[in-house]
Amino acid sequence: MIEVINPGPLSTVQDFGRFGHRQQGIPQSGVLDPLALIIGNRLLGNEDDAAAIEITAGNAVFRFLEDCSFVLMGSSLNATLNDMPVHSGWCMQAKQGNVLRLKGSLHALRSYLCLAGGIDVPLVLNSRSTDIQGQFGGLSGKPLQSGTVISLFKPHQTQVSAQGALQPPYFNHIRVLPGPHLACFDEHWKLRFTEKPWSVQLSSNRMGTRLIRDDVEFFNHNIRIPSQAVHPGVIQLPPSGEAMVLLADCQTTGGYPIIGQVIEADLRHFTQLGASEPVYFEFVDINTATKAHETTLFHLNRINIAIENNKKK
């Protein structure tokens, strides 16, 4: 078990999320960086989708109530275990009573605390993820609170040797597939959309990253479309011209023009993009998106090989 001493601005239980329920108006939820979750869980011998704690902005403190192996993925947010530095992507052994502190970072936004065995909370619609808006999943559908004690499943492995795995770096250069309403704008508009960086707004959250530019008036429009299905990765353009990249907790329908879809391999980058960070967009084709996905799978295969080789030592 692990006790929440201070959850920081936002800490929630998340796994891969819920799928197959959007027609009922139920968001996907789940981690903003599935790749980080997969790598962390594999290092611990967990199932890929074992639930972890997604920690936003740091200033979080946890106490281990029993011996436990853990991995921090994403950013370490300058974490320490009993005042000893903890680095991202490394298996660590915590003893009963040890305290884990994530202080925060000026250069990153989120960390994933993966724990041996995974977090033991009830499945709701085949997921343990917290849906804050719907108030279900996780621990009573709420962010973690000070004093909360979190139970863990029994680990698949009784002992996890110290090992690490690099996760692909995060970037602010985002590749995008053209959306169904991009044709509503001329070529000059498309070029201008990508020629300068957009800036992340402070109002961004797990529902979506809001973006603005100093020439936002150029992107003002009066295009009206019927409300239609949306999903994580969609880039919407409200009449104000401030772009929105939808993330895991986004709504299931929307009525703003869809000008693009962030490719699957790049959507994870929004995990670490905080307020005022620049974001550069580039329109690409489906072949580029496919190759990027294959690169991710290749990286995971290399990690699998390294883990298996480590077991043989």
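**Figure 1. Ser 29, a buried loop residue.** Ser 29 sits in the loop between strand S2 (10-14) and H1. This is a predicted model, and in it the phi angle of Ser 29 comes out near 55°. That is a positive value, in a residue other than glycine. So is Ser 29 buried or exposed? Its relative accessible area is 0%, so Ser 29 counts as buried.

**Figure 2. Asn 78, a partly exposed loop residue.** Here we move to the loop between strand S5 (68-74) and strand S6 (79-81), where Asn 78 is found. Asn 78 isn't a glycine, yet its phi is positive, at about 55°. What about its surroundings? Asn 78 is partly exposed because its relative accessible area is 45%, and partly exposed covers the range between buried, under 20%, and exposed, over 50%. Set it beside Figure 1: Ser 29 has a relative accessible area of 0%, while Asn 78 has 45%.

**Figure 3. Strand S3, covered on both faces.** How many of the residues of strand S3 (residues 52-56) are buried? The count is 5 of the 5, so S3 is largely enclosed by the rest of the structure. In a regular strand, side chains alternate between the two faces of the sheet. For S3, one side carries Ala 52, Glu 54 and Thr 56, and the other carries Ile 53 and Ile 55. Every one of these residues is buried, so both faces are covered.

**Figure 4. The strands beside S3.** Which strands pair with S3? One is S2, joined to S3 by 5 bridges, with the two running antiparallel. Look for Ser 11, which stands opposite Ile 55 in S3. Another is strand S10 (residues 110-115), which also runs antiparallel to S3 and is joined to it by 4 bridges. For this pair, find Ile 53: its bridge partner in S10 is Leu 113.

**Figure 5. Phe 281 and the residues it touches.** Phe 281 belongs to strand S20 (residues 278-283). With a relative accessible area of 4%, it falls under the 20% limit, so it is buried. What does Phe 281 touch, leaving aside residues up to four places away in sequence? The list is Ile 174, Val 176, Phe 193, Thr 194, Trp 198, Leu 211, Ile 235, Val 245 and Phe 270. For a sense of scale, take Met 244, which is 37 residues from Phe 281 along the chain. The C-alpha atoms of those two residues are separated by 13 Å.

**Figure 6. The strands beside S20.** Strand S12 (residues 173-178) and S20 run parallel, with 4 bridges joining them. In this pairing, His 173 stands opposite Tyr 280 in S20. Strand S13 (residues 198-200) runs antiparallel to S20 instead, and 2 bridges join the two. Here, Trp 198 stands opposite Val 279 in S20. Trp 198 may ring a bell: it is also one of the residues that Phe 281 touches.

**Figure 7. The largest pocket.** Rolling a probe the size of a water molecule over the atoms shows where empty space is left. The largest pocket has a volume of about 890 Å³. Of the 33 residues in its lining, Pro 34, Glu 264, Ala 265, Asp 266 and Arg 268 are the closest to its centre. Which elements give two or more residues to this lining? They are helix H1 (34-44), S12, strand S19 (258-262), helix H3 (264-267) and helix H4 (286-312). H4 gives the most, with 7 residues. By class, the lining has 20 nonpolar, 9 polar and 4 charged residues.

**Figure 8. The second largest pocket.** This one has a volume of about 350 Å³. It is lined by 20 residues, and those nearest its centre are Thr 56, Leu 109, Arg 110, Ser 204 and Asn 205. You met Thr 56 in Figure 3, as one of the buried residues of S3. The lining divides into 10 nonpolar, 7 polar and 3 charged residues.

**Figure 9. Stepping back to the whole protein.** The protein has 4 helices and 20 strands. Its radius of gyration is 20 Å, close to the 20 Å that the globule rule gives for 313 residues, so it is as compact as a globular protein of that length. Along the principal axes, its C-alpha atoms fill a box of roughly 60 × 40 × 35 Å. Of the 313 residues, 52% count as buried. Among contacts with a separation of 6 or more, 74% are between residues 24 or more positions apart.

Conventions:
Residues numbered from 1 in each chain as written. Predicted model: local features only at pLDDT ≥ 70, side-chain atom pairs only at ≥ 80, totals over all residues. Heavy atoms only, no water. Buried < 20%, exposed > 50% of the residue type's maximum accessible area, 1.4 Å probe, protein only. Contact = heavy atoms within 4.5 Å. Pairing = 2+ DSSP bridges. 1 Å grid on protein atoms, 1.4 Å probe; cavity = no way out; pocket = protein on both sides within 12 Å on 5 of 7 lines; lining within 4 Å. Points joined across faces, edges and corners; volume = space filled by probe spheres on them. Nonpolar A, V, L, I, M, F, W, Y, C, P; charged D, E, K, R; others polar. Rg over C-alpha atoms; globule rule 2.2 N^0.38 Å.
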